[in-house]
Each structure stands twice: as structure tokens, then as C-alpha cells.
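Dear colleague,

I am handing over the structure below, and I would be grateful if you could look through it before reading my notes. What I found in it follows underneath.

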Amino acid sequence: MAVQLQHETHVSEEELKAAQYFHGHKCPAVPQGLRAAHLAMDILGVNRARSGGELKAIVELGEHHFSGCFADGIQFATGCTFGKGNIVKNPLGKFAVTLVDPRTRRAVRVAVKYDRMMMCLDMPFFEQRKKGIPPYEIDPKDVDPLIQDVISHDWHDMFDVTTFENYPVQKASESFDAVQCVDCKEMVVSNYAVALNGEFLCKTCFSTRVHRKEL
Ligand SMILES: [Zn+2]
Ligand SMILES: [Zn+2]
């Protein structure tokens with residue numbers, strides 16, 4: 001089924017600059033994440049998440065591989081962040097994100113096309129990255145045109161899109177219950193505390209007692 005967009009959100013220079021500041025350097029993967037995120041939000045007809053319950057992002061990046069920066073573009077544009085707990089990693093080593101709207105249970109998976117990733121990998125930016133040159137030391141002339149292309153290219157040539165209805169959604173309410181660990185005196189959220197002899201211990205102190213055989 002072909003996806004029809006009512007409205008296409010473009011990445012502004014301001015958003016790009018702010019995302020690059022948040023991320024730490026200029027690279028093509030952050031704008032690619034911004035584009036994928038806006039496409040997903042436009043298809044779902046949703047705004048950026050202000051709190052944890054509004055959207056959920058599932059990113060398929062793995063660990064320690066090229067273009068992992070894609071996930072920071074997703075975080076920046078969708079507002080699904082580590083702190084709000086509405087982004088999770090399903091580490092498949094793929095350049096894709098599924099954005100879920102828990103209210104309607106509609107979801108969309110946006111994946112960067114194989115040919116598009118291959119084209120980027122053959123460019124001077126990645127040739128230098130493969131040699132171990134950090135992204136912030138690469139001459140802007142080798143990265144700026146690539147970024148501009150990622151920002152402006154027709155999304156149909158960049159991404160494959162799958163939409164879902166009735167996507168499984170788990171509702172979890174935010175916990176405000178916490179106790180004091182009797183050993184380290186630090187605060188620990190109740191669900192994470194261990195009850196022992198009418199007292200509470202954090203998992204770290206509980207494990208210390210176990211190893212000292214003090215139970
Ligand atoms: Zn990067
Ligand atoms: Zn403790």
C-alpha cells in the first residue's frame with residue numbers, strides 16, 4: 001500500500017544545527033535519523049513527544065558499528081529519549097526505527113534503503129572513517145554536501161516504509177514510590193528494592209551481603 005503524506009515536514013537549518021550540537025559532530029547519519037523520524041511522525045500524524053507516554057521509538061541499531069549516530073537524529077526529532085524511557089534498542093544491526101503511537105496503536109517502521117546506505121558508505125566521509133579518522137576531524141567539504149543531500153533528497157528514494165494497525169502496546173504507569181536502602185542510605189525506587197527481614201536493600205547492597213554471607 002502506497003503511503004500518502006498529508007504534510008511533509010522538512011528539516012530546518014536550525015533543527016540540523018541543534019541536533020549536531022546535541023550529537024557532538026557533523027555526520028550524515030544524524031540528518032538521516034531526523035528525516036526518518038519526521039517521515040514516521042508525518043505518517044502517524046503526531047507531534048514530538050513531550051512526555052514518556054506519547055510515543056515510543058524502537059531503534060534497530062546494534063553496538064559499535066558505522067552510522068549508529070542515526071539513533072541521535074531519531075531521539076532529537078521525535079523527543080523519544082533515554083531520559084524519558086520512550087526509546088528502546090532492538091539491536092539487529094539495521095538502520096531502521098519503528099515509531100508507535102500508543103493512543104491509536106498505529107505504528108510505522110522506516111528503514112533506510114540498502115542502495116542508499118551503500119552509496120553513503122562509498123563516499124569520502126566513510127572512506128576516512130574506515131581509516132580510523134574521527135568524524136570531527138573530517139574536512140567539512142567531505143561531509144557538508146552529503147548532509148545537504150540527506151536533508152533534501154526525495155524520501156521515496158531513501159526509505160522503505162511499513163505501517164501497522166493495532167500494534168502491541170504495553171501500558172506502564174510512572175512509579176513515584178521509593179525507599180531508603182538500610183545499608184548505603186541511598187534512595188531506591190521500590191520496584192527495584194529487595195525486602196529482607198522487614199528492611200529494604202538496594203540490589204547492590206543485597207548482593208554485597210550475599211557475597212559476605214551476612215544474610
Ligand atoms: Zn555522528
Ligand atoms: Zn544500598
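**Domains and the zinc site**

The protein chain divides into domain 1 (13-164) and domain 2 (178-212), with bounds that come from an automatic or database domain assignment, and their C-alpha centres lie 39 Å apart. Please keep in mind that this is a predicted model, in which local features need pLDDT of at least 70 and side-chain atom pairs count only at pLDDT 80 or more, while totals for chains, interfaces and linings use all residues. Residues are numbered from 1 along each chain as its sequence is written, chains are lettered from A and ligands numbered from 1 in the order in which they are written, and side-chain values use heavy atoms, with hydrogens and water left out.

The zinc ion (ligand 2) has as its protein donors C181 (SG), C184 (SG), C202 (SG) and C205 (SG), at 2.3 to 2.4 Å; donors are N, O and S atoms within 2.8 Å of the metal (3.2 Å for Na, K and Ca), and since water is not among the atoms, sites may look incomplete. The site is tetrahedral, with angles of 100 to 118° among its four donor atoms, where that term requires four donors with all angles between 85 and 135 degrees. In sequence the donor residues follow the spacing C-x2-C-x17-C-x2-C. C181 is buried, with a relative accessible area of 1%, and C202 is buried as well, at 12%, where buried means under 20% relative accessible area (1.4 Å probe, protein chains only) and exposed over 50%, with partly exposed in between.

Finally, N166 is exposed at 57%, and its phi is near 55°, a positive value in a residue other than glycine.

With best wishes

Definitions and conventions. Four donors count as tetrahedral if all angles lie between 85 and 135 degrees; four count as square planar and six as octahedral if opposite donors are over 155 degrees apart and all others between 65 and 115; anything else is irregular.
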